[in-house]
Amino acid sequence: MAQDPQTLLQKAEKSLQGMGFFWFRKRQYENAALLYLQAATAYTLQYQHLHAGMAYEKAAEIHSNYLNNPDDAISYRIKAFNVLKETDLHAAVRNMTVVVERYCEKGDFNRAARHLEQLGHVHETQSRDRKAAMELYEGAANLYEKANMRGCASAKLGNFVHTFVNQGGSRYAGRPWLKVADIAALEGDYHKAIALYKAAAVEAIDSFLMTVGVREYLFKAGICYLATGDIVAARRALVDFRKMDSAFATQPELALLSKLVNAMENREQETFTHLVEEFGKAHSLDDWKITLLQVAENAVFGLDDEDFA
């Protein structure tokens, strides 16, 4: 029969309050930490995730502050994050922030980056705070790059593009950088998004295993060019895309982009809308692409926000 978690918490707190002689304290701290862990497990079984997370956090604090067990403390903070992210985002972020800091102190930048990605995902999908999510994804990418170039400074956008194109970059860093690109475009920073998509395309072209991504990256870059409303730059970019990847030159995505540029140049709003509608029927257009194509249409034709039928 599972123990009552509230009773376990009371025992843990009592153990901490009744500290004896110096040589006996360690055993009392260990006992208190164990009780907090048992309480966390009991709360989890009762689906009381907020209380479970707080108990895990208490256990982590004891292991970190009194028992000199940093690895155990990290483990329990990760557990706290996993149960708190659905109920108390602030508390979840607090725990995961400590985890990232500890891994950075240890020089384990890959693990720090992976957990920073988790934070980015939580902000993107739960709090809907895209700017915070983008900063976290960018931080994760920087850490992956730092792990990949041990001893170098954290990668910034320009360093990333140079490294990604000329040195092979980091496959792990590419993942959060693409999330940065997606969010940057939605936030209106089209040129940052374009630079990242083009860098990813170059890396994919150079890697036989990643060639499937080239179409997606160049298509997204092309859509971002359209969203800027700069028709001349968009047309020039399509020429560059053909040179970058001969296979992309024959793809329906490039054909669509070319036709959309023509429609924008000729101020043919109905043609623009019809082209997108017909492409959407034959091919998949996700929410990101639809949103940015709406932005492109608005940029040139000055429309109010409305869905493509």
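Here are five short exercises with worked solutions on the structure above.

The model is predicted, so local features need pLDDT of at least 70, side-chain atom pairs count only at pLDDT 80 or more, and totals for chains, interfaces and linings use all residues. Residues are numbered from 1 along each chain as its sequence is written, and side-chain values use heavy atoms, with hydrogens and water left out.

**Exercise 1. An aromatic pair between two helices**

Classify the ring pair of Tyr-197 and Trp-288, and work out which parts of the chain the pair ties together.

Step 1. A pair of aromatic rings is described by the distance of the centres and the angle of the planes. Rings of Phe, Tyr and Trp (its six-membered ring) pair if their centres lie within 6.5 Å; planes under 30 degrees apart are stacked, over 60 edge-to-face, and the rest tilted. The rule gives six aromatic pairs.

Step 2. For Tyr-197 and Trp-288, the centres are 6.0 Å apart and the planes stand at 80°, so this pair is edge-to-face.

Step 3. Now place the two residues. Helices (H or I, at least four residues) are DSSP runs, numbered from the N terminus. Tyr-197 belongs to α10 (residues 190-206) and Trp-288 to α15 (residues 287-301), so the pair joins parts that are 91 residues apart in sequence.

Step 4. Finally, check burial, where buried means under 20% relative accessible area, exposed over 50%, and partly exposed in between (1.4 Å probe, protein chains only). Tyr-197 is buried at 1%, and Trp-288 is buried at 9%.

**Exercise 2. A pair of phenylalanines**

Describe the geometry of Phe-241 and Phe-248, then find the cluster they belong to.

Step 1. The ring centres of Phe-241 and Phe-248 are 6.3 Å apart with 70° between the planes, which is edge-to-face.

Step 2. Phe-241 has 0% relative accessibility and is buried; Phe-248, also at 0%, is buried too.

Step 3. Together with Tyr-225, Phe-241 and Phe-248 make up one aromatic cluster.

**Exercise 3. The surroundings of Lys-220**

Which ring does Lys-220 lie over, and which residues share its network of salt bridges?

Step 1. A charge sits over a ring if NZ of Lys or CZ of Arg is within 6 Å of the ring centre and within 35 degrees of the ring normal. Lys-220 lies over the face of Trp-288, at 4.9 Å from the ring centre.

Step 2. Side chains of opposite charge can pair when their charged atoms come close. A salt bridge is a side-chain nitrogen of Lys or Arg within 4 Å of a carboxyl oxygen of Asp or Glu. Lys-220 makes such a contact with Glu-216, at 3.8 Å from N to O.

Step 3. Both residues, Lys-220 and Glu-216, sit in helix α11 (residues 214-228), four residues apart, or about one turn of the helix. Lys-220 is buried at 10% relative accessibility, while Glu-216 is partly exposed at 30%.

Step 4. The network of salt bridges links Lys-220 and Glu-216 with Asp-182, Asp-286 and Lys-289.

**Exercise 4. Two more salt bridges**

Take the pairs Arg-94 with Glu-57 and Glu-105 with Arg-102, and say where the partners of each lie in the chain.

Step 1. The structure has 16 salt bridges. In the bridge of Arg-94 and Glu-57, the closest N and O atoms are 2.8 Å apart.

Step 2. This pair links distant parts of the chain, with Arg-94 in helix α5 (residues 89-106) and Glu-57 in helix α3, 37 residues apart. Arg-94 is partly exposed at 33%, and Glu-57 is buried at 8%.

Step 3. Glu-105 and Arg-102 meet at 3.5 Å, N to O. They are three residues apart in helix α5, so about one helical turn separates Glu-105 from Arg-102. Glu-105 is exposed at 61%, whereas Arg-102 is partly exposed at 29%.

**Exercise 5. Positive phi in two loops**

Locate Asn-68 and Arg-267, and decide whether each is buried or exposed.

Step 1. Most residues other than glycine have a negative phi. Asn-68 has a positive phi, near 55°, and the phi of Arg-267 is positive as well, near 60°.

Step 2. Asn-68 lies in the loop between α3 (49-65) and α4 (70-84). Arg-267 is in the loop between α13 (252-265) and α14 (269-282).

Step 3. Asn-68 is exposed at 64% relative accessibility, and Arg-267 is exposed with a relative accessible area of 54%.
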